[in-house]
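Reader: Please show me the structure. I would like to go through it with questions and answers.

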Amino acid sequence: MHNVLKREKISFRDFIGHEKDILIYLHNTFLEETSVSIIREGFKFIKSLDYTTDNVSNINDIEVNYFIVKRKFYGKHTIVIQLGVEILNFYSGLINANDKVLKELIFSEISDELNEDDQNYNILNKQFIKGYYCHETGEGVYSPYFNPHKKLDEFHDNLKKNKH
C-alpha cells in the first residue's frame, strides 16, 4: 500500500508549504536511499533535533534560500520535517516547569542502535516527515505517513518515560 512514494515537480518553497502553525526542520542527505529510509522509519538523531537539522521559518523565503546555499554541500536531498504547533503546545502543557523534557523526545522512540560515542539514537516518528526534495531534479517526494498534528498514545508513554 505504501510502497510507491508520490513524486511531483514543484519548487522547494512550495514543497515545504506555507502553513503557519507548523515548525519546520530541514536536513540534507546525499543518497536517495537514505531519504526513503527516513520516510519509512523516521528520522534518527542524537539528543536534540537542533544538532542535525536547521529550523527555518515557514514565512521567510530568505531564510529558506539561505539554508539551500548553506547546506548544499551536505547532499542534494533535503528531508522536510514538520511538527504542528498545536500538538507541541498540547504536550508542553503536560510538562511541569521542573521537568527537563526535550519536546522532540515525546515524539520519538529510543533505538537500541548506538552511534560512535555509544549514545542511543532517538527516532522521530515518521508521521512528522513530510518527505524529501531533490534539488537536482526539482521533485518533491511525499511521505504517505505524514500527519504533523495527530496525537498518538505512544506520545503519552514517551512523555512519562522522559519526565525527570
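Reader: In which strand is the place of Val56?

Author: This is a predicted model, in which local features need pLDDT of at least 70 and side-chain atom pairs count only at pLDDT 80 or more, while totals for chains, interfaces and linings use all residues. Residues are numbered from 1 along each chain as its sequence is written, and side-chain values use heavy atoms, with hydrogens and water left out. Helices (H or I, at least four residues) and strands (E, at least two) are DSSP runs, numbered from the N terminus. By that numbering, the run at residues 54-56 that holds Val56 is strand S4.

Reader: Is Val56 buried or exposed?

Author: Buried means under 20% relative accessible area, exposed means over 50%, and partly exposed is in between (1.4 Å probe, protein chains only). The relative accessibility of Val56 is 7%, so Val56 counts as buried.

Reader: What distance separates the C-alpha atoms of Val56 and Tyr66?

Author: Along the chain, Val56 and Tyr66 are ten residues apart. In space, their C-alpha atoms are separated by 9.7 Å.

Reader: How many residues of strand S7 are buried?

Author: Strand S7 covers residues 120-124 and is mostly covered. Of its five residues, the number buried is four.

Reader: Which residue in S7 is the bridge partner of Glu109?

Author: Two strands pair if DSSP finds at least two bridges between them. Glu109 is found in strand S6, and S6 (residues 108-114) pairs with S7 in the antiparallel sense over four bridges. One partnership in S7 is that of Leu114 with Asn120. For Glu109, the bridge partner in S7 is Ile123.

Reader: Which residue in the hairpin of S6 and S7 takes a positive phi?

Author: The hairpin has five residues between the strands S6 and S7. The residue with a positive phi, near 60°, is Asp118.

Reader: Which residue in S7 does Phe45 stand opposite?

Author: Strand S3 (residues 43-45) also pairs with S7, in the antiparallel sense and over three bridges. Opposite Phe45 in S7 stands Asn122.

Reader: Which helix gives the largest share of the negative patch?

Author: Patches are made of residues with over 30% relative accessible area and no salt bridge; like charges are joined within 9 Å, and nonpolar side chains (Val, Leu, Ile, Met, Phe, Trp, Tyr) within 5 Å. The negative surface patch is formed by Glu109, Asp153, Glu154 and Asp157. Glu109 is partly exposed because its relative accessibility is 47%. The largest share, three residues, comes from the helix at residues 153-162, H6.

Reader: How many salt bridges does a search of the whole structure find?

Author: A salt bridge is a side-chain nitrogen of Lys or Arg within 4 Å of a carboxyl oxygen of Asp or Glu. Under that rule, the search of the whole structure gives a total of three.

Reader: How far apart are the closest N and O atoms of Glu32 and Arg7?

Author: Glu32 is partly exposed because its relative accessibility is 29%, and Arg7 is partly exposed because its value is 41%. Glu32 forms a salt bridge with Arg7, in which the closest N and O atoms are apart by 2.5 Å.

Reader: How many residues apart in sequence are the parts that Glu139 and Arg7 tie together?

Author: The side chains of Glu139 and Arg7 meet in a salt bridge of 3.4 Å, N to O. Glu139 lies in strand S9 (residues 139-142) and Arg7 in strand S1, so the separation in sequence of the parts tied together is 132 residues.

Reader: What is the N to O distance between Glu136 and Lys76?

Author: Glu136 is exposed because its relative accessible area is 60%, whereas Lys76 is partly exposed because its value is 33%. Their side chains meet in a salt bridge with an N to O distance of 2.9 Å.

Reader: How far apart in space are Leu102 and Tyr132?

Author: Leu102 lies in the loop between helix H4 (85-92) and helix H5 (103-106). In sequence, Leu102 and Tyr132 are 30 residues apart. From C-alpha to C-alpha, the distance in space is 25 Å.

Note on methods. Areas by Shrake-Rupley, 256 points an atom, 1.4 Å probe, with all protein chains shown as cover. Lys, Arg positive; Asp, Glu negative; His and termini not counted. Charge placed at Lys NZ, Arg CZ, Asp CG, Glu CD.
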